[in-house]
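Trainee: Please take a close look at one part of this model, the largest pocket, and tell me what lines it. Then add what you can about the salt bridges.

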Amino acid sequence: MKSFLKEFKEFALKGNVMDMAIGVIIGGAFGAIITSLCDSFINPLINSIGGADIGGAIRLPWVDYSGLDAETIKTLTLNYGDFLSAVINFLIIALVLFLMLKGMNKLMSLRKKEEEAEEEAAEPSNEEVLLTEIRDLLKEKK
């Protein structure tokens, strides 16, 4: 049992797991922001297309809507406004994630280039190696 807990602790505290947990939390918060954007700004625009009372919905011709409350009517209509809102929500999140990933890849490539430049600066050039060998040979002759 102790070894199981030790292994679990090592797994849970690894950097990748913690990074993933942070990503999930930030993603959830970001999703809430985008949902609020859609609910507050985009949905009213979509609803204005179909009419405020319809809310971006198509009423089915074979259903009698007389005497029904608004919630029941919404369940008996094709709610394209809600669907469009979900699609727009997805597209916004996908676009932002794409831009973030592209930015992170750019930063990683810049960092890799810097590391390669540091390695090249640390290693002596071919001329320096050759001159060092000549110096060592001259020292041996003396």
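Mentor: A definition comes before the pocket: Ala, Val, Leu, Ile, Met, Phe, Trp, Tyr, Cys and Pro count as nonpolar, Asp, Glu, Lys and Arg as charged, and the others, Gly among them, as polar. The model is a predicted one. On that scheme, the lining of the largest pocket holds 6 nonpolar residues, 2 polar and no charged. The lining residues are Gly-23, Ile-26, Gly-27, Phe-30, Leu-97, Met-100, Leu-101 and Met-104. Gly-23 and Gly-27 are in this list, and they count as polar because Gly is placed among the polar residues. Two helices, α2 (15-50) and α4, each supply at least two residues of this lining. The volume of the pocket is about 240 Å³.

Helix α4 covers residues 80-122 and also holds Arg-111 and Glu-115. These two form a salt bridge, with their closest N and O atoms 3.6 Å apart. They are 4 residues apart in the helix, so about one helical turn separates them. Glu-115 is partly exposed, at a relative accessible area of 39%.

The count of salt bridges comes to 2. Besides the pair in α4, there is a salt bridge between the side chains of Arg-135 and Asp-136, at 3.3 Å from N to O. Arg-135 is partly exposed, with a relative accessible area of 44%. Asp-136 is likewise partly exposed, at 34% relative accessibility.

How values were computed: Residues numbered from 1 in each chain as written. Predicted model: local features only at pLDDT ≥ 70, side-chain atom pairs only at ≥ 80, totals over all residues. Heavy atoms only, no water. Salt bridge = Lys/Arg side-chain N within 4 Å of Asp/Glu carboxyl O. Buried < 20%, exposed > 50% of the residue type's maximum accessible area, 1.4 Å probe, protein only. 1 Å grid on protein atoms, 1.4 Å probe; cavity = no way out; pocket = protein on both sides within 12 Å on 5 of 7 lines; lining within 4 Å. Points joined across faces, edges and corners; volume = space filled by probe spheres on them.
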